[in-house]
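Open the model in your viewer and keep the sequence panel beside it. We will move from stop to stop, selecting as we go.

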Amino acid sequence: MPIRVLDPGLLTTVQDLGRYGYSHLGISPGGAADSLAMRIANLLVGNAENAATLEMTLAGVTLEFDEESIVALTGGECDCRINGDAAPMWQATRVPARGVLTCGAMKTGARLYLAIQGGFDVRPIMGSTSTNMAGHFGGFEGRGLRKGDLLGVRKNPNSRASTLNPGVIDQLYSCAPIRVTRGAQYDWFGPEAFGKLFSCSYIVSEQSNRSGLRLKGESISPRVRSQLLTEGVSLGAIQVPQDEQPIILFVDQQTTGGYPKIANVISADLYRVGQLRPRKQVRFIEIAIPEAIRLLREQEEWLKQIFQ
């Protein structure tokens, strides 16, 4: 049951939860920028959490379905339509045979996810179906979708659609500060640098992408001026390069880096980073590592309880 790409949008790729265990080879995990929205989309249509989905950036796709399908759309707010009629988000929805699904520009957030019952039929590479655009592998031919592409869908007769409890996503994308822990070189920075990071607002630069979000705002100066040997970097690390404007390393990040890291976004807030769009304002607040662990556990428990 091929699905035809009539319009690929700005950047649409196949993503799952990522490709782990290859950082020593210079291959980042990648995966969905907003993994929470992706997981919910899959669960709504009865897939495993890690089934292959489509991730759309800022502007969505237009697809034509050969056969009747059950889909779910999650993530940033977007005007989506099936044969011209409004298509709801955050619920399983039927697309009729020969139906056309159109996803417009994002009204809020940066990314929209489309899960289809059974999952998209792409070959896993290194245990993942995620697209690695830098390496030109994974996903659909290692690239973003193009007009005329045909997407296959896996059959899963045991799939059963689910429904979310009312109101569970109302606070999912709040404007609260992004929570961070101290970075690997936090002791290179003095009180003035931390004061700026936690009291000032930063703007997401238009030069941001899945590899990193470049921020514009108050300069952050390390008090230690030393040469840092290149070392492994973690997802969500906030680097301070020579121009003293922080960068949040993100899902397609390089696996090593030589700039000092003042902080690290906690795992429970990474999905929110995935929805930060250019010119969006962002603030930070520091928490302790035990609190970060507790918040991640609470998020996982929340995910188990949101379905009817």
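Between which two strands does the loop with His136 lie? Select His136 and follow the chain both ways: its loop runs between β10 (111-116) and β11 (150-151). Keep in mind that this is a predicted model.

**Stop 1: His136**

Stay on this residue. Is His136 buried or exposed? It is exposed, with a relative accessible area of 62%; the cut-off for exposed is over 50%. Now check the backbone. Phi of His136 is near 60°, a positive value in a residue other than glycine. Most residues other than glycine have a negative phi.

**Stop 2: Arg279**

Select Arg279 next. Its loop lies between α3 (270-273) and β20. Arg279 also has a positive phi, near 75°, and it is not a glycine. Its relative accessible area is 61%, so Arg279 is exposed.

**Stop 3: the eight-stranded sheet**

From Arg279, move on to β20. This strand belongs to an open sheet of eight strands with mixed pairing. Colour the strands in this order: β20-β13-β14-β17-β16-β19-β12-β21. Which strands stand at the edges? They are β20 (281-282) and β21 (284-286). Each has a single partner strand, so one side of each is left without a neighbour in the sheet.

Now zoom in on one pair inside that order. Select β16 (residues 237-239) and β17 (residues 247-249). These two strands pair in the antiparallel sense, over two bridges. Which residue of β17 is the bridge partner of Ile238? Show Ile248: that is the partner.

**Stop 4: Arg223**

Find β14 (212-216) again and go towards β15 (231-232). Arg223 lies in the loop between these strands. Arg223 counts as exposed because its relative accessibility is 57%, and the cut-off is over 50%.

Which residues does Arg223 touch, leaving aside its neighbours within four places in sequence? Show Asp187, Trp188, Phe189, Gly190 and Pro191: Arg223 is in contact with these. Then pick the C-alpha atoms of Arg223 and Ala193. Your distance tool should give 8.5 Å, although the two residues are 30 apart along the chain.

**Stop 5: helix α1**

Select residues 35-44, helix α1. Turn on the surface of the rest of the chain. How many of the ten residues of this helix are buried? Eight are, so the helix is largely enclosed by the rest of the structure. The cut-off for buried is under 20% relative accessible area. Label the buried ones: Leu36, Ala37, Met38, Arg39, Ile40, Ala41, Asn42 and Leu44. Just after α1, click on Gly46, where phi is positive, about 85°.

**Last stop: the whole chain**

Zoom out and show everything. The chain has four helices and 21 strands. Its C-alpha trace spans about 65 × 40 × 30 Å along the principal axes. The radius of gyration is 20 Å, and a compact globule of 308 residues would have one near 19 Å, so the two agree.

Switch to colouring by burial. Buried residues make up 52% of the 308. Now show the surface: the chain exposes about 14000 Å², and carbon and sulfur atoms supply 50% of that.

Next, colour by charge. The chain has 32 positive and 30 negative charges, and their mean positions are 1 Å apart.

Finish with contacts. Take those between residues at least 6 apart in sequence: 76% of them join residues at least 24 apart.

Technical notes. Residues are numbered from 1 along each chain as its sequence is written. This is a predicted model: local features need pLDDT of at least 70, side-chain atom pairs count only at pLDDT 80 or more; totals for chains, interfaces and linings use all residues. Side-chain values use heavy atoms; hydrogens and water are left out. The radius of gyration is taken over C-alpha atoms; the globule rule is 2.2 Å times the number of residues to the power 0.38. Buried means under 20% relative accessible area, exposed over 50%, partly exposed in between (1.4 Å probe, protein chains only). Contact means heavy atoms within 4.5 Å. Accessible areas come from the Shrake-Rupley method with a 1.4 Å probe; for residues, only the protein chains shown count as cover. Lys and Arg count as positive and Asp and Glu as negative; His and the chain ends are not counted. The place of a charge is taken as NZ of Lys, CZ of Arg, CG of Asp or CD of Glu. Two strands pair if DSSP finds at least two bridges between them.
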